[in-house]
Amino acid sequence: MAEELEKRGKQTISSTAPESIGGAGPAFSPDVDIYVNGDKLLFLVDLPGVRKGDVSIVLDEQENLVIKAPTAFKERQGTTLRQFRTGDFFRAFQISRDYDKDKIEANLDNGLLKIVVPRKEESKPRAIKINA
Amino acid sequence: MLWGIDPWKELERMKSDLDGMLGGGTGRSHYGAPKPSMSFPLTNAYENKDDIRVVAELPGLTSDSVNIMFNDGILTIAGKREAPSEVREMSAVRRERSQGDFEKIIEIPVKVESDKISASFENGILTVVLPKAEEAKPRQITIEVK
(Lines give C-alpha, C1' and ligand atoms only; values in the text may rest on other atoms or scores of the structure.)
Protein backbone atom coordinates (compact mmCIF):
# COMPACT_ATOMS: atom_id res chain seq x y z
CA MET A 1 0.00 0.00 0.00
CA ALA A 2 1.99 2.94 1.26
CA GLU A 3 5.46 2.42 2.51
CA GLU A 4 7.32 5.16 4.20
CA LEU A 5 10.46 6.20 2.40
CA GLU A 6 12.51 7.10 5.43
CA LYS A 7 12.46 3.41 6.39
CA ARG A 8 14.22 2.51 3.16
CA GLY A 9 17.43 4.18 4.07
CA LYS A 10 18.93 7.59 3.59
CA GLN A 11 20.00 6.99 0.02
CA THR A 12 16.43 6.83 -1.22
CA ILE A 13 15.44 10.22 0.08
CA SER A 14 18.66 12.04 -0.68
CA SER A 15 17.25 13.65 -3.81
CA THR A 16 14.38 15.14 -1.83
CA ALA A 17 16.17 15.80 1.44
CA PRO A 18 14.56 18.38 3.73
CA GLU A 19 17.32 20.87 2.96
CA SER A 20 16.10 21.15 -0.60
CA ILE A 21 12.85 22.83 0.49
CA GLY A 22 14.51 26.19 0.62
CA GLY A 23 17.20 25.87 3.20
CA ALA A 24 15.46 28.10 5.75
CA GLY A 25 15.34 26.29 9.06
CA PRO A 26 14.88 22.63 9.85
CA ALA A 27 12.24 20.40 8.26
CA PHE A 28 9.72 18.63 10.44
CA SER A 29 7.92 15.38 10.00
CA PRO A 30 4.15 15.92 10.22
CA ASP A 31 1.88 13.39 11.95
CA VAL A 32 0.12 11.20 9.40
CA ASP A 33 -2.81 8.79 9.51
CA ILE A 34 -3.36 6.44 6.57
CA TYR A 35 -6.64 4.66 5.92
CA VAL A 36 -7.50 2.13 3.25
CA ASN A 37 -10.52 0.41 1.76
CA GLY A 38 -11.20 -1.43 -1.49
CA ASP A 39 -11.44 1.84 -3.44
CA LYS A 40 -8.74 4.11 -2.16
CA LEU A 41 -5.97 5.19 0.16
CA LEU A 42 -6.62 8.23 2.33
CA PHE A 43 -3.83 10.23 3.93
CA LEU A 44 -4.54 12.70 6.75
CA VAL A 45 -1.54 14.96 7.31
CA ASP A 46 -1.33 17.52 10.13
CA LEU A 47 0.12 20.72 8.72
CA PRO A 48 -0.59 23.40 11.33
CA GLY A 49 0.35 26.88 10.17
CA VAL A 50 0.40 25.98 6.49
CA ARG A 51 -1.66 28.12 4.13
CA LYS A 52 -3.80 26.76 1.35
CA GLY A 53 -1.78 26.89 -1.83
CA ASP A 54 1.56 26.59 -0.08
CA VAL A 55 1.57 22.78 -0.01
CA SER A 56 3.50 20.99 -2.70
CA ILE A 57 2.60 17.36 -3.44
CA VAL A 58 4.67 15.79 -6.17
CA LEU A 59 5.42 12.37 -7.57
CA ASP A 60 9.15 12.15 -7.92
CA GLU A 61 11.01 10.20 -10.59
CA GLN A 62 10.45 6.97 -8.65
CA GLU A 63 6.74 7.81 -8.37
CA ASN A 64 7.03 8.44 -4.65
CA LEU A 65 4.48 10.76 -3.10
CA VAL A 66 6.48 13.68 -1.70
CA ILE A 67 4.77 16.25 0.55
CA LYS A 68 6.48 19.56 1.24
CA ALA A 69 4.87 22.46 3.03
CA PRO A 70 6.38 25.69 4.30
CA THR A 71 4.88 27.11 7.46
CA ALA A 72 3.28 30.56 7.44
CA PHE A 73 3.49 30.80 11.22
CA LYS A 74 5.75 33.61 12.36
CA GLU A 75 7.78 32.93 15.46
CA ARG A 76 7.59 35.67 18.09
CA GLN A 77 9.98 37.12 20.61
CA GLY A 78 9.71 36.49 24.34
CA THR A 79 9.11 32.75 24.43
CA THR A 80 8.09 31.50 27.86
CA LEU A 81 6.85 28.04 26.88
CA ARG A 82 7.96 26.02 23.90
CA GLN A 83 6.50 22.71 22.85
CA PHE A 84 6.69 23.13 19.12
CA ARG A 85 9.21 24.67 16.80
CA THR A 86 8.32 26.03 13.45
CA GLY A 87 9.80 25.18 10.12
CA ASP A 88 8.89 23.48 6.91
CA PHE A 89 7.19 20.10 6.77
CA PHE A 90 8.46 17.19 4.72
CA ARG A 91 7.28 13.60 4.33
CA ALA A 92 7.49 11.03 1.55
CA PHE A 93 5.74 7.74 0.86
CA GLN A 94 6.08 4.99 -1.66
CA ILE A 95 2.72 3.83 -2.98
CA SER A 96 2.08 0.45 -4.53
CA ARG A 97 1.31 -0.03 -8.23
CA ASP A 98 -2.27 -0.98 -7.41
CA TYR A 99 -3.09 2.71 -7.04
CA ASP A 100 -3.69 5.25 -9.76
CA LYS A 101 -1.19 8.00 -9.18
CA ASP A 102 -2.56 10.10 -12.04
CA LYS A 103 -5.82 10.60 -10.16
CA ILE A 104 -4.56 11.80 -6.79
CA GLU A 105 -6.74 14.45 -5.17
CA ALA A 106 -5.76 16.63 -2.24
CA ASN A 107 -7.18 19.47 -0.22
CA LEU A 108 -6.03 21.46 2.80
CA ASP A 109 -8.47 22.81 5.35
CA ASN A 110 -7.58 24.38 8.72
CA GLY A 111 -4.10 22.92 8.62
CA LEU A 112 -5.26 19.37 7.84
CA LEU A 113 -4.24 17.95 4.47
CA LYS A 114 -6.33 15.13 2.96
CA ILE A 115 -4.93 13.14 0.06
CA VAL A 116 -6.99 10.52 -1.75
CA VAL A 117 -5.26 8.01 -4.01
CA PRO A 118 -7.82 5.88 -5.89
CA ARG A 119 -7.22 2.21 -6.45
CA LYS A 120 -6.86 1.10 -10.07
CA GLU A 121 -10.01 -0.47 -11.41
CA GLU A 122 -8.25 -3.77 -12.21
CA SER A 123 -6.80 -3.95 -8.68
CA LYS A 124 -10.07 -3.50 -6.85
CA PRO A 125 -11.19 -6.48 -4.79
CA ARG A 126 -13.72 -8.63 -6.59
CA ALA A 127 -16.11 -11.09 -5.19
CA ILE A 128 -15.58 -14.41 -6.86
CA LYS A 129 -18.64 -16.44 -7.43
CA ILE A 130 -18.31 -20.02 -6.39
CA ASN A 131 -20.08 -22.41 -8.68
CA ALA A 132 -22.13 -24.96 -6.88
CA MET B 1 10.52 37.85 35.85
CA LEU B 2 9.81 39.46 39.15
CA TRP B 3 10.23 36.39 41.28
CA GLY B 4 13.05 33.94 41.71
CA ILE B 5 11.48 30.95 40.00
CA ASP B 6 9.97 31.25 36.57
CA PRO B 7 6.89 29.05 36.93
CA TRP B 8 6.68 28.38 33.20
CA LYS B 9 10.27 27.26 33.03
CA GLU B 10 9.65 25.20 36.12
CA LEU B 11 6.61 23.55 34.53
CA GLU B 12 8.57 22.97 31.35
CA ARG B 13 11.38 21.40 33.33
CA MET B 14 8.97 19.11 35.18
CA LYS B 15 7.32 18.20 31.91
CA SER B 16 10.60 17.40 30.22
CA ASP B 17 11.66 15.35 33.24
CA LEU B 18 8.41 13.42 32.93
CA ASP B 19 8.82 13.05 29.20
CA GLY B 20 12.33 11.79 29.80
CA MET B 21 11.02 9.16 32.18
CA LEU B 22 8.37 8.13 29.70
CA GLY B 23 10.94 7.87 26.96
CA GLY B 24 9.90 10.95 25.02
CA GLY B 25 11.51 14.26 24.29
CA THR B 26 10.32 17.81 23.87
CA GLY B 27 8.76 19.41 20.86
CA ARG B 28 8.08 17.96 17.49
CA SER B 29 10.58 15.54 16.09
CA HIS B 30 12.97 16.45 13.35
CA TYR B 31 12.53 14.62 10.11
CA GLY B 32 13.33 10.96 10.64
CA ALA B 33 13.80 11.28 14.40
CA PRO B 34 11.64 9.33 16.86
CA LYS B 35 8.31 10.87 17.69
CA PRO B 36 8.30 12.67 21.04
CA SER B 37 5.50 12.20 23.50
CA MET B 38 3.71 15.34 24.50
CA SER B 39 0.09 16.10 25.15
CA PHE B 40 -2.05 17.43 22.34
CA PRO B 41 -2.14 20.24 21.38
CA LEU B 42 1.50 21.33 21.32
CA THR B 43 1.55 24.82 22.78
CA ASN B 44 3.91 27.76 22.84
CA ALA B 45 3.58 30.93 24.89
CA TYR B 46 5.10 34.34 24.31
CA GLU B 47 5.25 37.34 26.54
CA ASN B 48 5.83 40.99 25.79
CA LYS B 49 5.20 44.12 27.85
CA ASP B 50 1.51 44.30 26.92
CA ASP B 51 0.27 40.76 26.65
CA ILE B 52 0.78 37.03 26.82
CA ARG B 53 0.08 34.96 23.73
CA VAL B 54 -0.67 31.28 23.95
CA VAL B 55 -0.39 29.53 20.59
CA ALA B 56 -1.63 25.96 20.11
CA GLU B 57 -1.40 23.67 17.09
CA LEU B 58 -4.90 22.36 16.38
CA PRO B 59 -4.88 21.15 12.78
CA GLY B 60 -8.25 20.08 11.46
CA LEU B 61 -10.18 21.87 14.18
CA THR B 62 -12.32 24.97 13.86
CA SER B 63 -13.13 27.73 16.34
CA ASP B 64 -16.52 26.23 17.23
CA SER B 65 -15.01 22.86 18.14
CA VAL B 66 -12.61 24.31 20.73
CA ASN B 67 -13.50 25.61 24.17
CA ILE B 68 -11.31 28.23 25.78
CA MET B 69 -11.71 29.04 29.46
CA PHE B 70 -9.80 31.30 31.79
CA ASN B 71 -10.26 31.04 35.52
CA ASP B 72 -8.05 32.00 38.42
CA GLY B 73 -4.85 32.30 36.42
CA ILE B 74 -5.43 29.05 34.52
CA LEU B 75 -6.09 28.96 30.80
CA THR B 76 -7.79 25.79 29.58
CA ILE B 77 -8.04 24.79 25.93
CA ALA B 78 -10.34 21.83 25.51
CA GLY B 79 -12.18 20.01 22.78
CA LYS B 80 -12.42 16.85 20.80
CA ARG B 81 -10.62 15.88 17.64
CA GLU B 82 -12.50 13.23 15.73
CA ALA B 83 -11.61 11.29 12.64
CA PRO B 84 -13.40 12.62 9.56
CA SER B 85 -16.61 10.78 8.70
CA GLU B 86 -15.22 9.23 5.51
CA VAL B 87 -12.78 7.01 7.45
CA ARG B 88 -15.54 5.15 9.26
CA GLU B 89 -15.73 2.49 6.58
CA MET B 90 -11.97 2.29 6.20
CA SER B 91 -9.17 0.44 8.00
CA ALA B 92 -6.34 2.37 9.59
CA VAL B 93 -2.90 1.31 8.41
CA ARG B 94 -1.08 4.10 10.22
CA ARG B 95 -2.21 6.23 13.15
CA GLU B 96 0.07 8.98 14.39
CA ARG B 97 -2.35 11.87 14.87
CA SER B 98 -3.85 12.43 18.32
CA GLN B 99 -7.54 11.80 18.49
CA GLY B 100 -10.33 12.10 20.99
CA ASP B 101 -10.87 14.48 23.89
CA PHE B 102 -8.10 16.83 24.84
CA GLU B 103 -7.58 19.35 27.58
CA LYS B 104 -4.56 21.58 27.84
CA ILE B 105 -4.03 23.53 31.03
CA ILE B 106 -1.64 26.46 31.04
CA GLU B 107 -0.81 28.47 34.11
CA ILE B 108 -0.57 32.20 33.45
CA PRO B 109 1.70 33.60 36.16
CA VAL B 110 0.84 37.24 35.43
CA LYS B 111 -2.31 39.17 36.24
CA VAL B 112 -4.36 39.61 33.07
CA GLU B 113 -7.54 41.46 32.11
CA SER B 114 -9.75 38.42 31.88
CA ASP B 115 -12.63 40.25 30.16
CA LYS B 116 -10.32 41.32 27.33
CA ILE B 117 -8.96 37.90 26.40
CA SER B 118 -9.37 37.23 22.68
CA ALA B 119 -8.74 34.23 20.48
CA SER B 120 -8.28 33.62 16.77
CA PHE B 121 -7.83 30.61 14.53
CA GLU B 122 -5.71 30.54 11.41
CA ASN B 123 -4.56 27.54 9.35
CA GLY B 124 -5.14 25.20 12.26
CA ILE B 125 -3.27 27.36 14.77
CA LEU B 126 -5.12 28.88 17.71
CA THR B 127 -3.81 32.10 19.22
CA VAL B 128 -5.14 33.34 22.56
CA VAL B 129 -4.15 36.88 23.52
CA LEU B 130 -4.28 37.70 27.23
CA PRO B 131 -3.73 41.44 27.82
CA LYS B 132 -1.74 42.14 30.97
CA ALA B 133 -3.41 44.03 33.78
CA GLU B 134 -2.01 47.55 34.22
CA GLU B 135 -0.33 46.58 37.49
CA ALA B 136 1.52 43.72 35.77
CA LYS B 137 2.96 45.90 33.02
CA PRO B 138 6.51 47.12 33.39
CA ARG B 139 6.73 50.79 34.26
CA GLN B 140 9.52 53.11 33.58
CA ILE B 141 10.40 55.26 36.55
CA THR B 142 12.39 58.32 35.84
CA ILE B 143 14.74 59.29 38.59
CA GLU B 144 15.52 62.88 38.69
CA VAL B 145 19.22 63.45 39.10
CA LYS B 146 19.91 66.41 41.30
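A residue counts as buried here if 20 or more other C-beta atoms lie within 10 Å of its own. In this predicted model, buried residues account for 23% of the 146 residues in chain B. Chain A meets chain B through 38 residues on each of the two chains, and the interface includes an antiparallel pairing of S3(A) with strand S5 of chain B.

**Interface between chains A and B**

- On the chain A side, 38 residues are in contact with 38 residues of chain B.
- Four strands of chain A each give two or more residues to the side that touches chain B: S2 (27-28), S3 (32-36), S4 (40-46) and S7 (79-81).
- S3(A) provides the largest share of that side, with five residues.
- By residue class, the side of chain A that touches chain B comprises 20 nonpolar, ten polar and eight charged residues.

**Strand pairing across the interface**

- S3(A) is joined by four bridges to strand S5 (residues 91-95) of chain B, and the two strands run antiparallel.
- Within this region, Asp33(A) stands opposite Arg95(B), a residue of S5(B).

**Architecture of chain B**

- Chain B contains one helix and eight strands.
- Read from the N terminus, the elements of chain B follow the order α-β-β-β-β-β-β-β-β.
- Considering contacts in chain B between residues at least 6 apart in sequence, 49% join residues that are at least 24 apart.

Methods: Residues are numbered from 1 along each chain as its sequence is written. Chains are lettered from A and ligands numbered from 1 in the order in which they are written. This is a predicted model: local features need pLDDT of at least 70, side-chain atom pairs count only at pLDDT 80 or more; totals for chains, interfaces and linings use all residues. Two residues are in contact if their C-beta atoms, placed from the backbone, lie within 7 Å. Ala, Val, Leu, Ile, Met, Phe, Trp, Tyr, Cys and Pro count as nonpolar, Asp, Glu, Lys and Arg as charged, and the others, Gly among them, as polar. Two strands pair if DSSP finds at least two bridges between them. A residue is buried if 20 or more other C-beta atoms lie within 10 Å of its own, exposed if 12 or fewer, and partly exposed in between; C-beta atoms are placed from the backbone.
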